[in-house]
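Open the model in your viewer and keep the selection panel at hand. We will go stop by stop, with something to pick at each one.

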Amino acid sequence: MKIKVAITSQNKRTVTKHAGECRNFLIYTIEDEKVISKEIMTLEANRTLKYTFHEDPSEIPFNPVYDMDILLSGSIGRSGVNKLAMNNVAAYVIQEKDPDVAIEKLLNGTLEAFEPVSHRHQHNHDQHKHHHHQHEHSHGGGGCGGGNCGHHH
């Protein structure tokens, strides 16, 4: 089964933040747990996720990112994650800066995903205003990498 993973990379080298405003994505096509291609997808200014989500006048806005299975980014808002999920794209916030390493970790199951940060400026077109429970999950990232916790030899 082929999986397409998009990584936000505005500078076309590292994993960058602000998925909504990003115009350059590294697209990895993965088959049988191997990367079979890597390319750069550049979006027009009116093709960013932010534009598609908030300004696109069409009845059913389409974004090229919707063709992906997974989106990895340095940052993306909760509503962006939800809108992508509705279009069958699983979006994850990662702290890994090297896209190739991120893909490698994704494949071997060691890529850490983080909760999107809730933006404090809640927009008024938020249907569920009455129950904002902020989930501040700490992802047990207590720095015990490779089991060398405090064993100084």
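Select Asn88, the residue with a positive phi, near 60 degrees, that follows α2. This is a predicted model. Asn88 is not a glycine, yet its phi is positive. The residue sits in the loop between α2 and β5. Is Asn88 buried or exposed? With a relative accessible area of 66%, Asn88 counts as exposed, because the cut-off for that class is over 50%.

Step back into α2, residues 78-86. Colour Gly80, Val81 and Leu84, which are buried. Now look down the helix axis. These buried residues of α2 fall within an arc of 100 degrees, so they line one face of the helix. The general rule helps here: an α-helix has 3.6 residues a turn, so residues three or four places apart point the same way. What covers the buried residues of α2? Show α1, β4 and β5, which are among the elements that do.

Go on to β5, residues 90-93. Show its side chains. They alternate along the strand. Ala91 and Val93 point to one face and are buried. Ala90 and Tyr92 point to the other face and are not buried.

Add β4, residues 70-73. β4 and β5 run parallel, joined by four bridges. Pick Leu71 and look across: Ala91 in β5 stands opposite. With α2 included, β4 and β5 make a right-handed β-α-β unit.

Now show every strand. Five of them form an open sheet, in the order β3-β2-β1-β4-β5. The pairing is mixed. Which strands are at the edges? They are β3 (34-42) and β5, and each pairs on one side only. From one strand to the next, the twist averages 20 degrees.

Move to β2 and β3. These two run antiparallel and are joined by eight bridges. Select Ile27 to find one of the pairs: its bridge partner in β3 is Glu39.

Next, select α3, residues 99-108. This helix lies across β1 (2-8), β2, β3 and β4. Relative to β2, α3 runs at about 35 degrees.

Time for the interior. The largest nonpolar core has 19 residues. Select Phe25, Met41, Leu49, Val65, Leu71, Ile76 and Leu84, the residues with the most contacts inside that core. Leu71 has appeared already, opposite Ala91, and Leu84 was on the buried list for α2. Which elements give two or more residues to this core? They are β2 (24-31), α1 (49-54), α2 and β5. Apart from this core lies another, of twelve residues. To find that second core, pick Val15, Ile30, Ile70 and Ile94, which are among its members.

Return to Leu49 and show what surrounds it. Neighbours within four places in sequence aside, Leu49 is in contact with Ala19, Gly20, Asn63, Val65, Tyr66, Leu71 and Leu84. Of these contacts, Val65, Leu71 and Leu84 are also on the list of residues with the most contacts inside the core.

Last stop: Lys12, in the loop between β1 and β2. Check its backbone. Lys12 is not a glycine, but its phi is positive, about 65 degrees. How accessible is Lys12? Its relative accessibility is 42%, so Lys12 counts as partly exposed. Asn88, where the tour began, is exposed.

How values were computed
Residues numbered from 1 in each chain as written. Predicted model: local features only at pLDDT ≥ 70, side-chain atom pairs only at ≥ 80, totals over all residues. Heavy atoms only, no water. Core = buried A, V, L, I, M, F, W, Y, C linked by side-chain atoms within 4.5 Å. Buried < 20%, exposed > 50% of the residue type's maximum accessible area, 1.4 Å probe, protein only. Contact = heavy atoms within 4.5 Å. Pairing = 2+ DSSP bridges. Right-handed = clockwise from strand over helix to strand, strands pointing away. Axes fitted to C-alpha atoms, helices over the stretch in contact; angles between N-to-C directions. Arc of directions from axis to C-beta.
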